[in-house]
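This briefing goes through one protein chain by topic. Please have the sequence and the coordinates open while reading.

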Amino acid sequence: MLQQIDITMLPVAPTLHWSEAFGAWLHENGRRINTVNAYLQDMHHYSRYFNELNATNVKAYFSMQDIDNQVKPSSRNRRLASMRVFVQWSVAAGYMDADPTVGVKRVDVELSPRDRTPDEMSALDQVVTDQSHLRCQTVFHSLLGLRDELIWNLFKDAGLRIAEVATLRICDVDLDAKKIHVLGKGGKKADVLIPQRLVDVIESWLDRGPVSVAGTLVTDWKGHAISTGQIRRRVQLMGERAGVSQLKPHDLRHTYVYQTIDKAVSQGMDLPVALDVARKQARHSEVRTTMKFYLHARDSQVRAVVEAR
């Protein structure tokens, strides 16, 4: 089945390989290019072991991974999720009438989102605001520093994922309503409310920054969109200058969610309400996801206990 699927029933050229047809369907349903590539990579991995997608083969495929200690639970769960999306496409196209993944369960993953301490966040904020992480102090580098401040605040004050920062479009930013329209994981669209300080940073960047070639908000000084790799390196540079080791963009998202919960509780909201506020801002489909990740002890809390005298 996975070697060559008859796709004459699909609105694509009938000579396409199954991966091209599946990829086209994902694109049509609003999936990002990185997501599409991940789904295809996972299904190609399955096709290296089995030619047909049926319940017997699927069970054997995941049993093999359960035995192999080198396969991380998160990787196994991702492959299962990719396969279920593939099945969704196959059923919609009329190639399957049953889900062969029924009965295959996700495995539990130890959850410990890494947050950053208030002192670390303060040091990072100071470095970015002062632009002291820049290697040179030219007009161009000053513009680069302003862009870094924009990147920093999109993580810190909106809790965006790195891919969302890289692909955020100017037309998706509503400064009057103080909200951002985000196309997130799985092609899900949702709004994130933003504070005035982030509005000010965005306005400053739009006033002083280059004209965007493709309409993306975060660009290089020629107006071209930048990659997630470039954003990751800028965040790492900020961390090195601030003395925050191994800083990752997703640490900042975790910190944002934790701080959102803390702020809501400090304003007198009950914990269930505070969690729902965080859920909406983090754009989780269900509050159970927020609870699953963010009701655990934080790295910063464990560190505080360990260091206490």
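Leu-154 is in contact with Gly-159, Leu-160, Val-165, Leu-168, Ile-180, Leu-198, Leu-217 and Val-218, leaving aside its neighbours within four places in sequence. The model is predicted, with an average pLDDT of 87 for the protein. The points below start from the core around Leu-154 and move on to individual helices, the sheet and the confidence scores.

**Nonpolar cores**
- The largest nonpolar core has 37 residues, and Leu-154, Leu-217 and Ile-231 touch the most other members.
- Two or more residues of this core come from each of α5 (118-130), α6, α7 (162-167), β2 (179-183), α8 (196-208) and α9 (228-242).
- Helix α6 gives the largest share of this core, 7 residues.
- A second, separate core has 24 residues, among them Ala-21, Leu-40, Val-87 and Met-96.
- In soluble globular proteins, nonpolar side chains tend to be buried together.

**Asp-148 in helix α6**
- Asp-148 lies in helix α6, which covers residues 139-156.
- Asp-148 counts as buried because its relative accessibility is 0%, under the 20% cut-off.
- Outside its neighbours within four places in sequence, Asp-148 is in contact with Val-128, His-133, Leu-134, Arg-234 and Met-238.
- Two of these partners, Arg-234 and Met-238, are listed among the buried residues of α9.
- The C-alpha atoms of Asp-148 and Val-302 are 30 Å apart in space, and the two residues are 154 apart in sequence.

**Helix α9**
- Helix α9 has 15 residues and reaches 21 Å from its first C-alpha to its last, close to the 21 Å expected at 1.5 Å a residue.
- Its buried residues are Gly-229, Ile-231, Arg-234, Val-235, Leu-237, Met-238, Gly-239 and Ala-242.
- These buried residues pack against α5, α6, α7 and α10.
- Gly-243 follows α9 and has a positive phi, near 75°.

**Helix α11 and Gln-281**
- Helix α11 (residues 271-282) has 12 residues; the distance from its first C-alpha to its last is 16 Å, close to the 16 Å expected at 1.5 Å a residue.
- Buried in α11 are Ala-274, Leu-275, Ala-278, Arg-279, Gln-281 and Ala-282.
- The cover over the buried residues of α11 includes β3 (189-193), α10 (249-266) and α12 (287-294).
- Gln-281, in helix α11, counts as buried because its relative accessibility is 12%, under the 20% cut-off.
- Not counting residues up to four places away in sequence, Gln-281 touches Ala-158, Val-192, Leu-193 and Tyr-256.
- Arg-283, just after α11, takes a positive phi of about 65°.

**Sheet**
- Three strands form an open sheet in the order β1-β2-β3, with antiparallel pairing.
- β1 and β3 are the edge strands, each pairing on one side only.
- The antiparallel pairing of β1 and β2 runs over 2 bridges, and Val-173 stands opposite Ile-180 in β2.
- Ile-180 is also one of the contacts of Leu-154.

**Confidence**
- A pLDDT of at least 70 is reached by 93% of the residues.
- Among the elements of the protein, strand β1 (residues 173-174) has the highest mean pLDDT (97) and helix α13 (residues 299-307) the lowest (83).
- The pLDDT is below 50 over residues 3-15, a stretch with 31 contacts in the model beyond near neighbours in sequence.

Methods: Residues numbered from 1 in each chain as written. Predicted model: local features only at pLDDT ≥ 70, side-chain atom pairs only at ≥ 80, totals over all residues. Heavy atoms only, no water. Helix = DSSP H or I, 4+ residues; strand = E, 2+ residues; numbered from the N terminus. Buried < 20%, exposed > 50% of the residue type's maximum accessible area, 1.4 Å probe, protein only. Contact = heavy atoms within 4.5 Å. Expected span 1.5 Å × (residues − 1). Core = buried A, V, L, I, M, F, W, Y, C linked by side-chain atoms within 4.5 Å. pLDDT = per-residue confidence, 0-100. Pairing = 2+ DSSP bridges.
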